[in-house]
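Student: I should like a close look at a single part of this protein, taken together with its surroundings. Please give one connected account.

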Amino acid sequence: MEFRKIKTLRKEKKITLTELGEKTGYSASFLSQIERGTNRPSLEALRKIADSLGVTVAYLLANEAPQVIQDDETTENGYKVIRNSSGTVYNPWQTNSTYYDTLFNLPVHTNNMVISKIYIDAQSSSSGRKIAHNLCEINYVLKGEATIELKDEILVLQEGDAIFLEAFTPHNILNATENELMLFTLQF
């Protein structure tokens, strides 16, 4: 897999391979091999490169416009959170309290894209425990209040709020209220 985006971003930002190496701790030779696709980087290497270039790992892996990370009110505890300023129903976790209504399941790039509506009953959770998977995920709260358990943090999202999670981020979505929770979820 070639990472031409690294080279493109590096050139746009007028950063040499040596300078990127100083920021990431990797040699210019190693970074050049990644750009050309002759060396497969680890997730940790991609994270360091993405951070140094001001984009997400998902951007480096996907075929889309960059999602620039900025230190502003939309970043909470290192997670991109967007706050509201104003086909098939299935149950992958075999619980009685969570149902996924898949709207689309499309092959994109090297992964699938899954778009779902998730319904979580009162006082329930999406999986009962923190899970991590190999897809990036965007969760948008359509109705109710979502409590997102992350590594060592908890974020509460209201109707209209959204969160972006990198692939392999352990998380669990809770509905700690007495009302139904409905989310729009995009996994890619």
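Tutor: The account below starts from one strand and its partner, and then moves outward to the rest of the chain. The model is a predicted one, and the part chosen is strand 12, which spans residues 181-187.

Strand 12 is largely enclosed by the rest of the structure, because six of its seven residues are buried. Phe 184 belongs to this strand. With a relative accessible area of 31%, Phe 184 is partly exposed; the cut-off for a buried residue is under 20%, and that for an exposed residue is over 50%. Phe 184 also contributes to the surface: together with Tyr 140 and Leu 142 it makes a nonpolar patch of about 230 Å². In space, the C-alpha atom of Phe 184 lies 6.4 Å from that of Ile 118, although the two residues are 66 positions apart in sequence.

The partner of strand 12 is strand 7, and six bridges join the two in the antiparallel sense. Strand 7 covers residues 137-143. At one point of this pairing, Glu 137 stands opposite Gln 187 of strand 12.

A salt bridge belongs to the same neighbourhood. Lys 143 forms it with Glu 180, and the closest N and O atoms are 3.6 Å apart. Lys 143 lies in strand 7, whereas Glu 180 lies in the loop between strand 11 (171-175) and strand 12, so the pair ties together parts that are 37 residues apart in sequence. Lys 143 is partly exposed, at 38% relative accessibility. Glu 180 is likewise partly exposed, its relative accessible area being 33%.

Strand 11, at the other end of that loop, leads to a further sheet. This is an open sheet of four strands in the order 6-11-8-9, with antiparallel pairing. Its edges are strand 6 (124-125) and strand 9 (153-157), each of which pairs on one side only. Strand 8 (residues 146-150) and strand 9 run antiparallel and are joined by five bridges. Within that pairing, Ala 146 has Leu 157 of strand 9 as its bridge partner.

The salt bridge beside strand 12 may be set against its counterpart elsewhere, for a search of the whole structure finds two salt bridges. The other one links Glu 35 to Arg 10, with the closest N and O atoms 2.7 Å apart. Glu 35 lies in helix 3 (residues 28-36) and Arg 10 in helix 1 (residues 4-12), so this pair ties together parts that are 25 residues apart in sequence. Glu 35 counts as buried because its relative accessibility is 7%, and Arg 10 is buried with a relative accessible area of 5%. The surroundings of Arg 10 can be named as well: leaving aside residues up to four places away in sequence, Arg 10 touches Ile 15, Thr 16, Leu 17, Leu 20, Glu 35 and Leu 53.

These details take their place in a chain with five helices and twelve strands. Of its 188 residues, 44% are buried. The chain exposes about 10,200 Å², of which carbon and sulfur atoms supply 50%.

It remains to consider the confidence of the prediction. The mean pLDDT of the chain is 77, and 72% of the residues score at least 70. Among the elements of the chain, strand 8 has the highest mean pLDDT, at 95, and strand 3 (residues 88-90) the lowest, at 46. Over residues 85-90 the pLDDT is below 50, and the model gives this stretch 14 contacts beyond near neighbours in sequence. Residues 103-110 form another such stretch: the pLDDT stays under 50 there, and the model has 21 contacts for these residues beyond four places in sequence.

To return to the part first chosen, strand 12 is largely enclosed because six of its seven residues are buried. Strand 12 pairs with strand 7 over six antiparallel bridges. Phe 184, partly exposed at 31% relative accessibility, joins Tyr 140 and Leu 142 in the nonpolar surface patch.

Key:
Residues numbered from 1 in each chain as written. Predicted model: local features only at pLDDT ≥ 70, side-chain atom pairs only at ≥ 80, totals over all residues. Heavy atoms only, no water. Buried < 20%, exposed > 50% of the residue type's maximum accessible area, 1.4 Å probe, protein only. Areas by Shrake-Rupley, 256 points an atom, 1.4 Å probe, with all protein chains shown as cover. Patch = residues over 30% accessible without salt bridge, like charges linked within 9 Å, V, L, I, M, F, W, Y side chains within 5 Å. Salt bridge = Lys/Arg side-chain N within 4 Å of Asp/Glu carboxyl O. Pairing = 2+ DSSP bridges. pLDDT = per-residue confidence, 0-100. Contact = heavy atoms within 4.5 Å.
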